[in-house]
Amino acid sequence: MSKQHNVWVSRPLFPEVLAHLARYVDVQAETDERKHSAAELREKLADVDGAIVGLGDRIDGEVIAGNQRLRVVANLAVGYNNLDVPALTAAGILATNTPDVLNETTADYAWALLLAAARRVSSSERWLRAGNWRGGMRFDEWLGLDVYGKTLGILGMGRIGQAIARRAHGFGMPVLYHNRSRLPAAIERACCASWLEKAELLQRADHLMLVLPYNAQNHHAIGAAELALMKPTAVLVNIARGGIVDDAALAAALREGRLGAAGLDVFEGEPVVHPALRELDNAVLSPHIASASADTRRAMAQLAADNLLAALGHGPDAGHPPSLLNPEARERA
């Protein structure tokens with residue numbers, strides 16, 4: 001039986017989540033992972049009431065121009081720099097994201113990158129797989145950088161940053177952080193973290209994790225000048241967004257020994273990775289998978305579905321999407 005609302009899902013999704021959606025709405029779901037052009041997005045969105053999209057789908061004023069039907073765009077990510085939220089709001093279209101459900105998994109992965117980069121896990125594995133381990137090894141080969149007992153710096157102390165900080169206790173690491181706004185004292189105590197100005201944080205941290213949202217103000221928040229403040233033995237980990245780091249400047253610092261190592265899950269212009277980074281043995285690179293555990297990705301998909309259904313008046317949260325980004329759009333609608 002035809003449902004009241006039609007929705008489009010821009011990328012393959014878990015069958016059980018699609019089945020949940022289909023209880024309430026007619027679902028058109030893509031079966032292949034690919035990037036959609038602005039023209040394709042405009043066409044897909046013209047005949048649906050709601051959509052679940054990914055970070056690769058740029059939903060802006062051009063894409064939704066003249067669209068009188070679309071009511072909600074549910075982003076399948078915590079970040080939403082692919083959404084032009086002011087344009088959606090002006091059009092009365094609700095926008096949602098998937099915060100919180102990926103905090104712990106992403107924090108785990110940040111530590112995986114730090115340890116892998118500091119202890120040269122990727123490069124030593126490549127060396128081993130190439131058949132280079134044939135006998136005795138020099139005592140001073142494959143020397144890495146210690147993590148335990150070192151000072152951890154966190155730039156961006158939101159929920160994921162706090163989850164990272166809580167894990168630092170097990171490594172005996174003092175935690176320093178910088179936010180535009182200092183956290184309440186109770187949260188600082190729970191995270192055993194101390195606030196510093198950004199420049200001092202960069203100078204004092206033995207290892208630095210980036211957990212900033214991407215926006216115009218944070219573009220190249222870590223560039224040549226900031227890298228020059230860091231210790232030459234420091235490890236930089238970016239699990240936030242590409243564009244927060246000047247990848248060319250980072251590659252130069254790593255190549256020239258002005259920075260110890262880097263663990264990167266995001267890149268400026270991804271899926272393209274700066275070729276200089278690809279050539280470096282002291283850079284651990286992964287394809288934007290910090291939230292990619294089975295449980296977490298299912299939870300993200302379910303939250304996106306719940307947001308979409310609630311915005312269309314279905315399910316237990318009808319009328320109240322759990323993670324609405326632009327409540328003011330209700331008035332426009």
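Reader: Which residues does Ile-154 touch, leaving aside residues up to four places away in sequence?

Author: In this predicted model, Ile-154 touches Gly-161, Ile-164 and Ala-165. Its partners also include Val-175, Leu-176, Tyr-177 and His-178, and further along the chain Leu-201, Leu-208, Met-209 and Val-211.

Reader: How should such a set of contacts be read, and where does Ile-154 belong?

Author: In soluble globular proteins, nonpolar side chains tend to be buried together. Here, the largest nonpolar core has 34 residues. Ile-154 is among those that touch the most other members, together with Trp-111, Leu-152, Met-157, Ile-164, Met-209 and Ile-239.

Reader: Which elements give two or more residues to this core?

Author: They are helix 5 (103-118), strand 6 (152-155), helix 7 (159-168), strand 7 (175-178) and strand 10 (235-238). Helix 5 supplies the largest share, nine residues. Apart from this core lies another, of 31 residues, including Leu-202, Ile-222, Leu-227 and Ala-276.

Reader: How many helices and strands does the protein chain have, and how is its overall form to be judged?

Author: The protein chain has 14 helices and twelve strands. Its radius of gyration is 22 Å, close to the 20 Å that the globule rule gives for 333 residues, so the chain is as compact as a globular protein of that length. The C-alpha trace spans about 70 × 50 × 35 Å along its principal axes.

Reader: What share of the 333 residues is buried, and what does the protein chain expose?

Author: Buried residues account for 48% of the 333. The exposed area is about 16,000 Å², of which carbon and sulfur atoms supply 52%.

Definitions and conventions: Residues are numbered from 1 along each chain as its sequence is written. This is a predicted model: local features need pLDDT of at least 70, side-chain atom pairs count only at pLDDT 80 or more; totals for chains, interfaces and linings use all residues. Side-chain values use heavy atoms; hydrogens and water are left out. A nonpolar core is a set of buried Ala, Val, Leu, Ile, Met, Phe, Trp, Tyr and Cys residues joined through side-chain atoms within 4.5 Å. Buried means under 20% relative accessible area, exposed over 50%, partly exposed in between (1.4 Å probe, protein chains only). Helices (H or I, at least four residues) and strands (E, at least two) are DSSP runs, numbered from the N terminus. Contact means heavy atoms within 4.5 Å. The radius of gyration is taken over C-alpha atoms; the globule rule is 2.2 Å times the number of residues to the power 0.38. Accessible areas come from the Shrake-Rupley method with a 1.4 Å probe; for residues, only the protein chains shown count as cover.
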